[in-house]
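Looking at a protein model for the first time can feel like reading a map without a legend. Let's ask how the labels get attached.

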Amino acid sequence: GAELIIHNAPFDVGFLDEEFRRLGLGRTRTFVGGVIDTLVMAKELFPGKRNSLDALCDRLEVDNSGRNFHGALLDAELLADVYINMTRGQNTLAM
């Protein structure tokens, strides 16, 4: 029932679907309660602006100074902070 929060979800879900297919399992959406695409959210909040993860970090004052290369763990941490800032109604993703 958990939701995935992904920036540009169709891209990553395509990779996940392929990995699950290779394992003989169903598609990603059979394992999760939903997929939230933060790129779609950003385009709605900031129409006509650049909405890459780096651009959102700059716009929302999320410190991405340690991002010297594309790494999944760091990107996930940055996206968590970006998502919190875009949803505005919460302070943390902690359970």
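What follows is a set of questions and answers about this predicted model.

Q: What makes up the chain, and what pattern does it follow along the sequence?
A: There are 4 helices and 2 strands. Reading along the sequence, you get β-α-β-α-α-α. The C-alpha trace spans about 40 × 30 × 30 Å along its principal axes, and 34% of the 95 residues count as buried.

Q: Why is Asp 58 called exposed?
A: Asp 58 has a relative accessible area of 58%. The label "exposed" needs a value over 50%, so Asp 58 at 58% gets that label. You'll find Asp 58 in helix H3, which covers residues 53–59. For a sense of distance, Asp 58 and Gly 1 sit 57 residues apart in sequence and 32 Å apart in space, going C-alpha to C-alpha.

Q: Why does Asn 64 count as buried?
A: Its relative accessibility is 18%. Buried means under 20%, so Asn 64 at 18% makes the cut. Asn 64 lies in the loop between H3 and H4. Leaving out residues up to four places away in sequence, Asn 64 touches Asp 54, Cys 57, Asp 58 and Leu 78.

Q: What makes the pair Asn 64 and Asp 54 a polar contact?
A: Their side chains are joined at 3.0 Å. A polar contact needs a pair of N or O atoms within 3.5 Å, with one able to donate a hydrogen and the other able to accept it. The 3.0 Å between Asn 64 and Asp 54 is within that limit, so the distance fits the name.

Q: Why is Asn 8 called partly exposed?
A: Asn 8 has a relative accessible area of 33%. Partly exposed is the label between the 20% and 50% cut-offs, so 33% puts Asn 8 there. Asn 8 is in the loop between S1 and H1. Its phi is near 65°, a positive value in a residue other than glycine.

Q: Is Glu 61 buried or exposed, and how do you know?
A: Glu 61 counts as exposed, at 74% relative accessibility. The cut-off for exposed is over 50%, so 74% settles the matter for Glu 61. Glu 61 is located in the loop between H3 and H4. Here too phi is positive in a residue other than glycine, near 60° for Glu 61.

Q: How do you know what span to expect for helix H1?
A: You take 1.5 Å times one less than the number of residues. H1 runs over residues 9–22, which is 14 residues, and the expected span is 20 Å. From first C-alpha to last, H1 reaches 20 Å, close to that expectation. Just after H1 comes Gly 24, with a positive phi of about 75°.

Q: Why can we say that the buried residues of H1 line one face of the helix?
A: The buried residues in question are Ala 9, Val 13 and Asp 17. Viewed down the H1 axis, they fall within an arc of 60°, so they line one face. On the face turned away from that buried side are the exposed residues Phe 11, Phe 15 and Arg 22. Strand S1 (3–6) and strand S2 (34–37) are among what covers the buried residues of H1.

Q: What makes S1 and S2 a pair, and in which sense do they run?
A: Two strands pair if there are at least two bridges between them. S1 and S2 have 4 bridges, so they pair, and the sense is parallel. The chain crosses from S1 through H1 to S2, and this β-α-β crossover is right-handed. Ile 5 stands opposite Ile 36 in S2.

Q: Which way do the residues of S2 point?
A: Gly 34 and Ile 36 point one way, while Val 35 and Asp 37 point the other way. All of them are buried.

Q: Which residues of H4 are buried, and what covers them?
A: They are Asp 75, Leu 78, Leu 79, Val 82, Tyr 83, Ile 84 and Met 86. Their cover includes S1, S2, helix H2 (38–45) and H3. After H4 comes Arg 88, with a positive phi near 60°.

Key. Residues are numbered from 1 along each chain as its sequence is written. This is a predicted model: local features need pLDDT of at least 70, side-chain atom pairs count only at pLDDT 80 or more; totals for chains, interfaces and linings use all residues. Side-chain values use heavy atoms; hydrogens and water are left out. Buried means under 20% relative accessible area, exposed over 50%, partly exposed in between (1.4 Å probe, protein chains only). The arc is that of the directions from the helix axis to the C-beta atoms. Contact means heavy atoms within 4.5 Å. A crossover is right-handed if, with the strands pointing away from the viewer, the path from the first strand over the helix to the second runs clockwise.
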